Each structure stands twice: as structure tokens, then as C-alpha cells.
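Work through the exercises below with the model open. Try each task before you read its solution.

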Amino acid sequence: GANFGIALAKFIAFFLTASASLLAEAIHSLADTGNQLLLLLGMSRADKPPDDRHPFGYKMESYFWSFIVAVILFSLGGLFAIYEGLHKLHELDAARAAGESTAMEHPLVGIGVLLVSIVLEGWSWIAATRLVNRLRGQQGLFSFIEGSKSTEIIVVWMEDTGALIGLLLALAGLGLVLATDNPFWDVYATFAIGGLLIVIAFFVARETKSLLIGEGATEAVQEQIRVLVEKAEGVVELMNMRTMQLGEDELLVTLKVHWDSGLTIDEVARLTNALETSVRAVIPSARYLFVEPDVFDPDKTKAAPKDD
């Protein structure tokens, strides 16, 4: 709602000033409004229970809609800003060639709208940053973004960061127009905003694509599972482990375990159930956990790929 209100204010300021950077920012805020609605849709659909067609549930819907957000940021945000900058540049060149005035009308109105928008976006960015800092703890910011399984938090934080930087760029452009009476600063700011949104869209798409095609659990979670398996009663060796993130709080885990050859089938079944219980107690997100018993065969290991 706040983003939609900011978008309306920016559109009004654009109509009064004809500022390309304000139009780019207005479209950006409108895109952010739609993007957040898409994220809410993804979160809602991700809560659907598993069914026959999707036995592992719908958690990955949130990743899909986050990827769509990246596409909208790239096209409706970044590419539109670049287009608008080129269009404004052509208009200014044509006006100068015809001897017409290129002075911007009511630039103070645009600056006022941008200042209010910066306050509102800044408040939103601080709230999102506090949440990110609380979740990442001592982990580095870029490392956290790279390893996070919650696309909604990452997308919202990156959108807020892009919105705040974009507002500052637009403000700098209008401020320089006012100070130098050179309207081309507005065009340069528009190009900068477009480039910024394209970069953010690239990073959002990169992270969500990785999760969409089947990203594994973090190294810390995999190490926890490995320790639990190797300490379990009757386990000789953990031969292989595969993990896949199905959603922020759901994980698919497959284990190939070499059990003690002296165990009976009933004992292996009992110990397998105990192993699954112990893993889920430590890692509740390991909702789908499959354990395959196997026997280590040196000849087979030499013939097959190392991770088979």
C-alpha cells in the first residue's frame, strides 16, 4: 500500500515536471507494488498440502514467483528506465535543435516528492535490514544472500535497497538540474536507475534460479546430518547423501547407508526408523527423508562415478 501511494505521488510529480527519472521511479514503485503482491501469492500457494500430482507439496511456488519478480524488475523496471532515458534524451536534443526551452518545470515539486519517498523507503529498508541482520548473525551479508533459502526476505531487502538507491539517484539528478540548469542530468540519473535495477534483477534471478533447479541444503545442515548418521547405532559408513531444498522450511534428504553386516532385516528397519527420528529432531525441515541400505563394494566404487 505504501509503495502504491508513493507511485501515485511520483506519477503526479512526473506530470508536473516531465522528469524522466521521476517517471522511471514511478514505474519502479508500481512494479514493486505488483512484485510484493506476487510474493504474497507465492507464499499463499506454497502452503497448499501435497497431493497426487505434487507429492512433495507446493513449497517451491515461492521460488517461482520470486523469479517472476526478477523478470518484472528487469523489464518493467530496468529496461523501461533505459528506454525512458533514451526517449528523454531524444526530446531534449530535438528541443535544442529547434531552439525551444529545455528548462524543467516545477523541479522543487519533484524534489519534495522524492524526499518524502526517501523517508518512507528508508523506514522500510531499515526494517528489512534489521530482519536480515538478525537472521544472518555473524555471517557475511553476501554469504547470507547466497545461502539463504527464503527468497521472499532476500527479494524484499534487495528491492528496498534498489528503491532507496534509485530515489537518491533521482534526487541527485533533479538537484543537479536545479543547480546547473542542465536538464541532461535528469537523463543521466534515469540511465543510472535503469542500470541499477538490471543489476538487482540479475542477482534476484540468479538466487531464485539456483533454488528452482534444485539447490542443496547448506553445508552446515549437511554436516549435521553426516554427524548424526555416522554416530547412529549399527552404521558402518555413510556412503552417499543427497539433499534438495523444497522450500524455506522443507528439505528432501536421501541417504545411502552401509549397515553392520551382522544386523537382521528387522534390526535394520528399527535402526533406520530411529535414525530418521534423530535427524528430524535436530533438523525439523528434513520432512522427506529416505534411507537406502547398501554394502560397500570396492570394485563397484572404482567403476562408478564417485558420487554414486
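**Exercise 1. Aromatic pairs**

Is F203 buried, exposed or partly exposed? Then classify the ring pairs around W185 and F202.

Solution. Start with the ground rules. This is a predicted model, in which local features need pLDDT of at least 70, side-chain atom pairs count only at pLDDT 80 or more, and totals for chains, interfaces and linings use all residues. Residues are numbered from 1 along each chain as its sequence is written, and side-chain values use heavy atoms, with hydrogens and water left out.

Step 1. Fix the classes: buried is under 20% relative accessible area, exposed is over 50%, and partly exposed is in between (1.4 Å probe, protein chains only). F203 has 37% relative accessibility, so F203 is partly exposed. F202, at 53%, is exposed.

Step 2. Fix the pair rule. Rings of Phe, Tyr and Trp (its six-membered ring) pair if their centres lie within 6.5 Å; planes under 30 degrees apart are stacked, over 60 edge-to-face, the rest tilted. The structure holds 6 aromatic pairs. In one of them, the ring centres of W185 and Y188 are 5.6 Å apart and the planes meet at 85°, so this pair is edge-to-face.

Step 3. Place that pair. W185 and Y188 sit in helix α7, 3 residues apart, about one turn of the helix. Helices here are DSSP runs of H or I with at least four residues, strands are runs of E with at least two, and both are numbered from the N terminus. W185 is partly exposed at 33%. Y188 is partly exposed too, at 42%.

Step 4. Treat F202 and F203 likewise. Their ring centres lie 5.6 Å apart with planes at 75°, so the pair is edge-to-face.

**Exercise 2. The sheet**

What is the strand order of the 3-stranded open sheet, and which strands are its edges?

Solution. Step 1. Recall the basics: strands of a sheet pair through backbone hydrogen bonds, either parallel or antiparallel. Two strands count as paired if DSSP finds at least two bridges between them.

Step 2. Read the order. It is β1-β2-β3, with mixed pairing. The edge strands are β1 and β3 (288-294), each pairing on one side only. Neighbouring strands are turned by 15° against each other on average, direction ignored.

Step 3. Check each pairing. β1 (residues 235-247) and β2 run antiparallel, joined by 10 bridges. A hairpin of 2 residues connects β1 to β2. β2 and β3 run parallel, with 7 bridges. One bridge there pairs V257 with P293 in β3.

Step 4. Add the helix. α8 (residues 219-231) packs on the sheet and touches β1 and β2; its direction makes about 150° with that of β1. Such axes are lines fitted to C-alpha atoms, for helices over the stretch in contact, and angles run from 0 to 180 degrees between N-to-C directions.

**Exercise 3. E250**

Which residues does E250 contact, leaving aside neighbours within four places in sequence?

Solution. Step 1. Locate E250: strand β2 (residues 250-259). Its bridge partner is G247.

Step 2. Judge exposure. E250 is buried, because its relative accessibility is 7%.

Step 3. List the contacts (heavy atoms within 4.5 Å). They are F56, K59, M244, Q245, S285, R287 and Y288.

Step 4. Look for a polar contact, meaning N or O atoms within 3.5 Å; within protein, one must be able to donate a hydrogen and the other to accept it, and residues adjacent in sequence count only if both atoms are side-chain atoms. The side chains of E250 and R287 make one at 2.7 Å.

**Exercise 4. Nonpolar cores**

How many residues does the largest nonpolar core have, and which helix gives the most to it?

Solution. Step 1. Define the set: buried Ala, Val, Leu, Ile, Met, Phe, Trp, Tyr and Cys residues joined through side-chain atoms within 4.5 Å.

Step 2. Count. The largest core has 40 residues; L22, L114 and W157 are among those with the most contacts inside it. α6 gives the most, with 10 residues.

Step 3. Find the other core. Apart from the largest lies another, of 21 residues, including W259, V279, I283 and L289.

**Exercise 5. Positive phi**

Where is A18, and what is its phi?

Solution. Step 1. Note the background: most residues other than glycine have a negative phi.

Step 2. A18 lies in the loop between α1 and α2. Its phi is positive, about 60°, although A18 is not a glycine.

Step 3. Compare D181, in the loop between α6 and α7. Its phi is also positive, near 60°. D181 is exposed at 59%, while A18 is partly exposed at 37%.
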